[in-house]
Structures are given as structure tokens and as C-alpha cells.
Amino acid sequence: ISFQVQILVSKSILKDNDKQFKGLKDISYYTDNNLYKYTSGSFASEQEAIAHRKKIKGLFSDSFVVAIKDGKRISMEQARKEVLKWTKVYWLRFAY
């Protein structure tokens, strides 16, 4: 699971240097309902993604954090549960 900041939606694929990205470099996208949903950053934690959103909100005021698993968006609730489960497994296996 990665946490990313969704910044815009397009009906078509945009070039990496498209002016709509306002100079951001770490851009990716996922597809949903025949739309290309563009994101900035890719983070292991929701908190890191929230911090990134705060940095770029001046450029993209309506941006928001999304969770991506296997190239598809999942609900934040599901992502939080899976991260919590993974964290518990990690601590059980490696903390002792």
C-alpha cells in the first residue's frame, strides 16, 4: 500500500511535463471510470502523505490523500486496517 496525494483528474493521458502539474516531478496516475487520476508522491505512511499535501496545497488546493494497492485505489479505512495488521505482524515477528 502506498499513500499518495491526488492532484487532478483528466479524460486523457498527460505528458510528464504538462503545465497542469505546475512543476511537480514525482507524478503518477491510476485509472478509474475511464479517467486518469494523477497523484504526487508515494509514501509508506498516511502521515507522510498528509505532510506532502500540506507542502503542495498552495499549488493544488483541492488535493487529497488516497491509498493505492496493486495500482488501484482502495478506501482509506481499508488501507488503515491493512497497515495496522501489517504493523502488528511485523512487531510479532521482528520485535523480539
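This is a short walk through one protein chain, from its overall layout down to two residues in a central strand of interest.

Hi everyone, thanks for coming. Please keep in mind that what you see is a predicted model.

Let me start with the chain as a whole. It holds 2 helices and 5 strands, and reading from the N terminus, the elements go β-β-β-α-β-β-α. There are 96 residues, and 33% of them are buried. The accessible surface adds up to about 7000 Å², with 52% of that belonging to carbon and sulfur atoms. If you take the contacts between residues at least 6 apart in sequence, 64% of them join residues at least 24 apart.

Now to the sheet. In what order do the strands of the open sheet stand? The order is β2-β3-β1-β4-β5, 5 strands with antiparallel pairing. At the edges we find β2 and β5, and β5 covers residues 72–74. Each of these two has a single partner strand, so one side of each has no neighbour in the sheet. On average, neighbouring strands are turned by 50° against each other, if direction is ignored.

Let's go through some of the pairings. Strand β1, residues 2–10, pairs with β3 in the antiparallel sense through 6 bridges. Within that pairing, Q6 has T39 of β3 as its bridge partner. Strand β2, residues 27–32, also runs antiparallel to β3, again over 6 bridges, and here I27 is matched with S40 in β3. The hairpin that β2 and β3 form has 2 residues between the strands, and N33 in this hairpin takes a positive phi near 55°. Over at the β5 edge, strand β4, residues 64–69, pairs antiparallel with β5 over 3 bridges, and A67 stands opposite I74 of β5.

Then there is helix α1, made of residues 46–56. Helix α1 lies across β1, β3 and β4, and its direction is at about 40° to β1.

With that in place, let's zoom in on β3 and two of its residues, beginning with T39, which sits in this strand. Is T39 buried or exposed? It is buried: the relative accessible area of T39 is 0%, and the cut-off for calling a residue buried is under 20%. The side chain of T39 makes a polar contact of 2.6 Å with the side chain of Q4. Beyond its sequence neighbours within four places, T39 has contacts with Q4, V5, Q6 and I7, with D26, I27, S28 and Y30, and with V66. So Q4 turns up in that contact list as well as in the polar contact, because contact here means heavy atoms within 4.5 Å.

The second residue is Y36, also in strand β3, which spans residues 35–43. Y36 is partly exposed, because its relative accessible area is 21% and partly exposed begins where buried, under 20%, ends. What does Y36 touch, leaving out residues up to four places away in sequence? The list includes L8, V9, S10, K11, S12 and I13, and also Y29, Y30 and T31. Take L8 from that list: L8 and Y36 are 28 residues apart in sequence, yet their C-alpha atoms are 8.5 Å apart in space.

To wrap up, β3 pairs with β1 and with β2, and it carries both T39 and Y36. Thanks for listening, and I'm happy to go back to any of these residues with you.

Notes:
Residues numbered from 1 in each chain as written. Predicted model: local features only at pLDDT ≥ 70, side-chain atom pairs only at ≥ 80, totals over all residues. Heavy atoms only, no water. Helix = DSSP H or I, 4+ residues; strand = E, 2+ residues; numbered from the N terminus. Buried < 20%, exposed > 50% of the residue type's maximum accessible area, 1.4 Å probe, protein only. Pairing = 2+ DSSP bridges. Axes fitted to C-alpha atoms, helices over the stretch in contact; angles between N-to-C directions. Polar contact = N/O pair within 3.5 Å; in protein donor to acceptor, adjacent residues only side chain to side chain. Areas by Shrake-Rupley, 256 points an atom, 1.4 Å probe, with all protein chains shown as cover.
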